[in-house]
Amino acid sequence: MSEENRSQITAISAKVAEVKSEIKKVIVGQEEMLDQLIIGLISGGHVLIEGVPGIAKTFTAKTLAKLISAQFGRIQFTSDLMPSDVLGTSIFNLKTNEFEFKKGPIFTEILLIDEINRAPAKTQAALFEIMEESQVTVDGHCYPMSDLFFALATQNPVEQEGTYRLPEAQLDRFLFKVVTGYPTLEEEVKIMELHNEGKMKAEITAVLTTAELMTLRTEAKKVVIDAKLLDFIARIMDKTRTSPDIYLGASPRAAIGIMHAAKIKAILEDRDFVIPEDVLYVAYPVLRHRLILSPEKEMEGLTTDDIIKLIIDQVEIPR
């Protein structure tokens, strides 16, 4: 990579550090979640956040959006939500004697979908075209989304009453599934201190413009990834499709997602080239929502992450 491109990577790394520094004013811990959200944001790949109630999933997503001078929208998914409530609808204009399309809340730059698994299949299906093609087709007319469009969705893994399982085709359209857990003892004390001192409402300063974010996305594609690492990713994908432990393996979209995400992980580490550790880091959030375990492995109590580790251990890491 040229010296000019190397300096651009360094500048991006510094900008990412600035974003993390700002968000840590109000978010305690959750380092892995923050890194994965930033990777998703820069790559333009949508992110699904899963965790129990009260661990700041929605708050973190809203805070991240505030760090960018971009249009932000939020939709609370419920069991009675209809596709038109999300996409918009055509309304007859008596003055012009024509139908006019009134855009729904989906038309924004950064979108937070809260409790995405509470909407029925019909509404979930309305998101397919948006998440993959960044456009909406209504009444035969195509309406493009913003080039910046980035969706963050949250879901609760424990309260299943009144929820719907997300279709596999929709899950495959999320780059990452980020799983968050409870804070450590020290982190929980710090959280209470921030609330007690009223600092959870600290002023967050936007550190990225939409133009800068689009530039970051362009520059990230220039990070070098060796052919051996591409072969490494492909071998992992092949193992997910042939393993007897897995009922449904990963799609080619997952392989592309790992490649792009690994490049951005390298940038976070201030490198202009990908190393195997970058691939291994992003493999888990890219794959965990795409794989369906065999009934036998589910009965044994194994998780998707357990199987991903077993698969990776079977593939020789290039050096």
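**Exercise 1. Does Phe107 count as buried or exposed, and what surrounds this residue?**

*Solution.* The model is predicted, and the values below are computed from it. Start with the position in the chain: Phe107 sits in the loop that runs between strand S5 (98–103) and strand S6 (110–114). Next, take the relative accessibility, which for Phe107 is 13%. Since buried means under 20% relative accessible area, Phe107 counts as buried. Finally, list the surroundings: once the neighbours within four places in sequence are set aside, Phe107 is in contact with Gln71, Leu87, Phe101, Val136, Tyr143, Pro144 and Met145. A further distance can be read for Val86, which is 21 residues from Phe107 in sequence, with the two C-alpha atoms 8.8 Å apart in space.

**Exercise 2. Work out the order of the strands in the open sheet of five strands, and state which strands stand at the edges.**

*Solution.* Strands of a sheet pair through backbone hydrogen bonds, in either a parallel or an antiparallel sense. In this open sheet the five strands follow the order S3-S6-S9-S1-S10, and the pairing is parallel. The edges are held by strand S3 (72–76) and S10, and because each has a single partner strand, one side of each is left without a neighbour in the sheet. Averaged over the sheet and with direction ignored, neighbouring strands are turned by 15° against each other.

**Exercise 3. Describe the partners of strand S1 and decide how far S1 is enclosed.**

*Solution.* Take the partners in turn. With strand S10 (residues 174–179), S1 pairs in the parallel sense over five bridges, and within this pairing Leu48 stands opposite Lys177. With strand S9 (residues 150–155), S1 also pairs in the parallel sense, over four bridges; here Leu48 stands opposite Ala153, while Glu50 stands opposite Gln155. Then consider the two faces: His46, Leu48 and Glu50 on one side, and Val47 and Ile49 on the other, are all buried, so both faces of S1 are covered. Five of the five residues of S1 (residues 46–50) are buried, and the strand is therefore largely enclosed by the rest of the structure.

**Exercise 4. Characterise the packing of helix H2 against helix H11.**

*Solution.* Two packed helices are described by the angle between their axes and the distance between the axes. For H2 (residues 31–43) and H11 (residues 252–268), the angle is about 120° and the axes are 9 Å apart, so the two helices are oblique to each other. The crossing of H2 and H11 is right-handed. On the H2 side the contact involves Asp35, Ile38, Ile39, Ile42 and Ser43, which meet Ala261, Ile264, Lys265 and Leu268 of H11. Sorted by class, the residues of this contact are six nonpolar, one polar and two charged.

**Exercise 5. Repeat the analysis for helices H12 and H14, and place Asp278 within the picture.**

*Solution.* The axes of H12 (residues 276–287) and H14 (residues 304–313) come within 10 Å and cross at roughly 140°, which makes H12 oblique to H14. The crossing of H12 and H14 is right-handed. H12 contributes Leu280, Ala283, Tyr284 and Leu287 to the contact, and H14 contributes Thr304, Asp305, Ile308, Lys309 and Ile312; the classes are six nonpolar, one polar and two charged. Asp278 also lies in H12, and with a relative accessible area of 1% this residue is buried. Not counting residues up to four places away in sequence, Asp278 touches Ala262, Lys265, Ala266, Arg271 and Phe273.

Terms used: Residues are numbered from 1 along each chain as its sequence is written. This is a predicted model: local features need pLDDT of at least 70, side-chain atom pairs count only at pLDDT 80 or more; totals for chains, interfaces and linings use all residues. Side-chain values use heavy atoms; hydrogens and water are left out. Axes are lines fitted to C-alpha atoms, for helices over the stretch in contact, and angles run from 0 to 180 degrees between N-to-C directions. Angles under 35 degrees count as roughly parallel, over 145 as roughly antiparallel, 65 to 115 as roughly perpendicular and the rest as oblique. A crossing is left-handed if the near helix is turned anticlockwise from the far one by less than a right angle, and right-handed if clockwise. Contact means heavy atoms within 4.5 Å. Ala, Val, Leu, Ile, Met, Phe, Trp, Tyr, Cys and Pro count as nonpolar, Asp, Glu, Lys and Arg as charged, and the others, Gly among them, as polar. Buried means under 20% relative accessible area, exposed over 50%, partly exposed in between (1.4 Å probe, protein chains only). Two strands pair if DSSP finds at least two bridges between them.
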